[in-house]
Amino acid sequence: MDLNADLGEGFGIWRLGDDEALLDLVTSANVACGFHGGDPSTMRRVCAAAAERGVAVGAQVGYRDLAGFGRRHIAYGFDELRDEVTYQLGALDAFCRPYRTRVRYLKPHGALYHAAATDEVQAAALVAAVSGYDHELPILCAPGSTLAQLAVGAGLRAVAEGFADRGYLPNGTLVPRTALGALVTDPEEVALRAVRMATEHTVVAVDGTVVPCPVASICLHGDSPGAVASAALVRAALIDAGVTPTPFA
């Protein structure tokens with residue numbers, strides 16, 4: 001099972017989360033590409049640290065929205081979104097090359113992630129960007145989403161992702177961040193949820209419903225409270241359950 005985390009989301013002198021500590025625990029790093037978070041120096045630092053640890057680097061592409069951290073929906077047209085995603089892919093890949101690594105997958109961030117789960121235009125723009133840049137790049141996304149379906153239809157690999165530290169609704173979607181139960185902050189509960197995803201391919205929704213969750217990667221948000229403690233417990237719990245943390249890419 002792959003463990004991924006959102007990293008490099010600081011900007012300038014402001015840092016969000018402990019990138020280096022999380023890189024010691026995860027197998028894949030979703031690195032912000034400068035649009036929702038991150039900047040050139042941060043991208044270089046995280047790529048260097050990931051390469052040193054053998055962690056797969058993925059481009060976490062987002063809306064051009066630093067002030068809103070990419071969590072506000074933007075009604076992009078197809079061409080503009082495709083080109084902005086391509087731009088972000090190329091920027092991150094440039095910082096991978098000095099450390100003899102490369103971008104190994106793409107994951108949309110925040111509002112773009114949620115939009116691409118249902119919006120055919122925005123999902124198609126992501127697929128077009130990946131297809132044009134590197135047809136071998138997998139796309140990390142929600143299982144059964146519009147993005148996953150369009151990616152597979154274009155001959156790309158869609159990798160299903162689950163969130164051990166986020167609440168789920170009975171329909172299998174995430175609880176909105178503005179609603180009660182959006183975040184799971186108890187590290188022990190996060191670890192139990194991760195093991196359940198990895199071994200049973202299910203998750204318990206906020207109403208107690210057991211929801212199918214067939215995933216190949218589990219996300220741990222680097223900006224969540226206690227992110228490092230949760231990641232350490234998740235990794236240890238998975239190993240104890242006989243699941244080896246391994247990058248999917």
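**Figure 1. A salt bridge between Asp-79 and Arg-82 in helix 3 of the predicted model.** The side chains of Asp-79 and Arg-82 meet in a salt bridge, with 3.5 Å from N to O. Because the two residues stand three apart in helix 3 (residues 78-96), about one helical turn separates Asp-79 from Arg-82. Asp-79 has a relative accessibility of 46% and therefore counts as partly exposed. Arg-82 is likewise partly exposed, its relative accessible area being 26%. Elsewhere, Asp-6, Lys-107 and Glu-161 are joined into one network by salt bridges that share partners. The count of salt bridges in the model comes to 11.

**Figure 2. Salt bridges from helix 2 to Glu-20 and Asp-24.** Arg-45 forms a salt bridge with Glu-20, and the closest N and O atoms are 2.9 Å apart. This pair links distant parts of the chain, since Arg-45 belongs to helix 2 (residues 40-53) and Glu-20 to helix 1, 25 residues apart. Glu-20 is partly exposed, with a relative accessible area of 27%. A salt bridge is also formed by Arg-53 with Asp-24, where the closest N and O atoms are 2.7 Å apart. Here too, distant parts of the chain are linked: Arg-53 lies in helix 2, whereas Asp-24 lies in the loop between helix 1 and strand 2 (28-32), and the two are 29 residues apart. The relative accessible area of Arg-53 is 31%, which means that Arg-53 is partly exposed.

**Figure 3. Arg-15 in the loop between strand 1 and helix 1.** The loop that holds Arg-15 runs between strand 1 (2-7) and helix 1 (19-23). Arg-15 counts as exposed because its relative accessibility is 54%, above the cut-off of 50%. Beyond residues up to four places away in sequence, Arg-15 touches Gly-10, Glu-20 and Arg-45. Glu-20 and Arg-45 are themselves the partners of a salt bridge. Arg-15 and Met-1 are 14 residues apart along the chain, and their C-alpha atoms are separated by 28 Å.

**Figure 4. The surroundings of the buried residue Arg-166.** Arg-166 lies in the loop between strand 6 (158-163) and helix 7 (187-200). Although Arg-166 is buried, it has no salt bridge. Asp-165, the nearest side chain of opposite charge, is 6.0 Å away, whereas a salt bridge requires a nitrogen and an oxygen within 4 Å. The side chain of Arg-166 does reach the backbone oxygen of Ala-182, at 2.8 Å. Neighbours within four places in sequence aside, the contacts of Arg-166 include Leu-174, Val-175, Pro-176, Arg-177, Leu-183, Val-184, Arg-193 and His-221. Ala-182 is also among these contacts.

**Figure 5. Ile-139 in the largest nonpolar core and its pairing with strand 6.** The largest nonpolar core has 72 residues, of which Leu-92, Ile-139 and Ile-218 touch the most other members. Another core, of five residues, lies apart from it, and among its members are Tyr-105, Leu-140, Val-159 and Phe-248. In soluble globular proteins, nonpolar side chains tend to be buried together. Residues up to four places away in sequence not counted, Ile-139 touches, among others, Leu-106, Val-127, Val-130, Leu-147, Ala-151 and Leu-156. Contacts of Ile-139 also include Arg-157, Ala-158 and Val-159. Strand 5 (residues 139-141) pairs with strand 6 in the parallel sense over three bridges, and Ala-158 in strand 6 is the bridge partner of Ile-139. Strand 6 is mostly covered, with five of its six residues buried.

Technical notes. Residues are numbered from 1 along each chain as its sequence is written. This is a predicted model: local features need pLDDT of at least 70, side-chain atom pairs count only at pLDDT 80 or more; totals for chains, interfaces and linings use all residues. Side-chain values use heavy atoms; hydrogens and water are left out. A nonpolar core is a set of buried Ala, Val, Leu, Ile, Met, Phe, Trp, Tyr and Cys residues joined through side-chain atoms within 4.5 Å. Buried means under 20% relative accessible area, exposed over 50%, partly exposed in between (1.4 Å probe, protein chains only). Contact means heavy atoms within 4.5 Å. Helices (H or I, at least four residues) and strands (E, at least two) are DSSP runs, numbered from the N terminus. Lys and Arg count as positive and Asp and Glu as negative; His and the chain ends are not counted. A polar contact is a pair of N or O atoms within 3.5 Å; within protein, one must be able to donate a hydrogen and the other to accept it, and residues adjacent in sequence count only if both atoms are side-chain atoms. Two strands pair if DSSP finds at least two bridges between them.
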